[in-house]
Each structure stands twice: as C-alpha cells, then as structure tokens.
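Please open the model in your viewer and get your selection tool ready. We will walk through it one stop at a time.

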Amino acid sequence: MRKSKQQRISEGLALIASIKQDPVLAKEQSWLLRFLNDLVTKFQRGKGGTSRQRSLFDEKIAAGVPARKVNTHIAQPEVLVAEAALKVLQAQPTLYAWEIRVGGEIVANGLKYNLSAKQLILLDTFVKKAEQVEAQTSMTADPAKTAEAKLLVDLGDTYIGLTAKKSKDIDILRAAIAQGIGFSDEQLEAGRVAVSGELKKYNKFKKWYTPGMLVRYRGQGPIRDMVLVVDGPQIADFGNNGRGYYGSASKSMRLPLIVDGALVHAHFSHVSRYTKKELKALGAE
C-alpha cells in the first residue's frame, strides 16, 4: 500500500512519542529514534528518502513500539524509585525536560549496572522534585501566596536573562498559577531568591512612591514639577523594555504618573522625589 508523506510523518511522530514515554526504552532504541527522526525530517522538507529507507521506515512503523531488552541485572532500590519518579515528572515534559532526559539515561544504565554514589544522589534530587509535583496536585491555591507568586513571575519577566536554575524556579510558580494549584513554601522561597535583585528594587520603590504624592519628572521634553503619582510600581509590557546582547525582557517596571493631564508609565530613572526643603519652596507643604 502506497503511503503519502503526510501519513508517514504522522505515523513516525506518533511512534517517536510512544518510545520516548519510557526513558529506558528510548536509550535502548536510540538508533531507531535517530532513524525515525531523520526520515520524518526529510519528509517534512519534501524529500522522499531512498526506497530502502522508506521500506525500513514502514517496517518499523508496522512493528510498533519495541519491547525492552531482557535484563537479568538486579537494580539498586534507588534506581527503581527514580524510574517511578520520572514517570511523575513526565506529566510536565516541558518544565522538567532536563530531569527527564538526564534521569532517563542514568536509570537506563542503573537497570544494567550498579551506579556510583554521585549518580544515586542526583537521582534522589529527581525523586524529591517528583514528590513536590505530586504534593502540588493536592494543594489548594492560597490567594496571598498566589498573589506574591504572580509578582515574582512578573519580576522574572523583567530580566533579560536568568540562569537555568532561577528560570526553572520561576517557571514552576508560573505553571502552578496557570493550573490553579498550590505550591510549597520552599518553591515560593526559591522564586524570591531567583528575582531577589528586582524584588529588592520593587519593595524600595513601593516604599518611596505612594499614590497621591508629588514628584519631579525628567522624561521627554522639559522637566515637569509637581507631577502626581497614580499608584505604586507596576510591571507589564509597556514597550521599550530592557534589551541585551542575547535578547530582551518581555516586561518592565514603571511608575504611573499624570503628566500634562495624560497617564504616563515612567522609568524610575526619570523620576525623583522632593526634599522637604524643595516642597516648602514650591508651596506644597
């Protein structure tokens, strides 16, 4: 039966996904995964491959998901626990992609050979993350903690680039908010640490600038005196966000002001507070 490229692409992607669900099987069938990926990529580019490649591709599709190889090695208990933990993490494959990939490789080796102490310690960290994921599903979202987590996520978006660990800590909170579930105090504290620099600035500006106070604005055009502060610091995509060599931030922190009758979200570098002496001279005290 002659197959179209689109049918082969669909069948190939389905088989690849099925094999990857089992990290041990994925490691055992690494050649098969490479072969399937290469052929699917060719089909997606409009190329057909050779008749021999297409024939072998169709054979593998017809055979379906291969079975694990017979293994007589008695795995260490930690390996079996980690294998079960990885299945829990696979519920969020994007968030825990690194843990699933690295943990799957270590577990695959652990089912054949004894692992070193360092490898077992690393597997234990994956187990603890899986325990946190399981615990989150039964947690109820606390409104106060969720509001703080939302602030931390917004502050994370003001960074041009976070380290992989800090970005993961923020993404865990982001995913919990999106799913409407709770999170642990440890996860919330990790989020605070991840954006500690911007959080410190936010708290400082929130204390400095309160609604109804008067400030000096040094934005475009002449300096404006006696400008009214509408609210505390706000975080959103106001345009012209921070830029860097590797990219740009998706949000920025600004101060809402009323300037010449219009609402302006000002950079904090363009705003300054009056001293008591200056306020007295302006007749505002």
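Here is a short tour of a predicted model, with something to select at each stop.

Begin with Leu155, Leu257 and Val271. These residues have the most contacts inside the largest nonpolar core, a set of 29 residues. Now add the elements around them: helix 8 (143-156), helix 9 (164-179), helix 10 (185-194), helix 11 (196-208), strand 1 (214-217), strand 2 (224-229) and strand 6 (252-259) each give this core at least two residues. Which element supplies the largest share? Colour helix 8, which brings five residues.

Stay with Val271 and show what surrounds it. Beyond its neighbours within four places in sequence, Val271 is in contact with Tyr209, Val215, Arg216, Tyr217, Leu255, Leu257 and Ala266. Next, select Ala85, Ala108, Val133 and Ala175, which are among the 25 residues of another core, apart from the one you just visited.

Helix 9 is the next stop. Put a distance label between its end C-alpha atoms: they are 22 Å apart, which agrees with the 22 Å that its 16 residues should span at 1.5 Å a residue. Then show Lys168, Asp169, Ile170, Ile172, Leu173, Ala175 and Ala176, the buried residues of helix 9. They pack against helix 6 (97-110), helix 7 (117-137), helix 8 and helix 10. Step past the end of helix 9 to Gly180, where phi is positive, near 70°.

Finally, turn on the surface and pick Leu228, Val230, Ile258 and Leu263, which make a nonpolar patch of about 310 Å². Is Leu228, in strand 2, buried, partly exposed or exposed? Its relative accessible area is 36%, so Leu228 counts as partly exposed, between the cut-offs of 20% and 50%.

Notes:
Residues numbered from 1 in each chain as written. Predicted model: local features only at pLDDT ≥ 70, side-chain atom pairs only at ≥ 80, totals over all residues. Heavy atoms only, no water. Core = buried A, V, L, I, M, F, W, Y, C linked by side-chain atoms within 4.5 Å. Buried < 20%, exposed > 50% of the residue type's maximum accessible area, 1.4 Å probe, protein only. Helix = DSSP H or I, 4+ residues; strand = E, 2+ residues; numbered from the N terminus. Contact = heavy atoms within 4.5 Å. Expected span 1.5 Å × (residues − 1). Patch = residues over 30% accessible without salt bridge, like charges linked within 9 Å, V, L, I, M, F, W, Y side chains within 5 Å. Areas by Shrake-Rupley, 256 points an atom, 1.4 Å probe, with all protein chains shown as cover. Salt bridge = Lys/Arg side-chain N within 4 Å of Asp/Glu carboxyl O.
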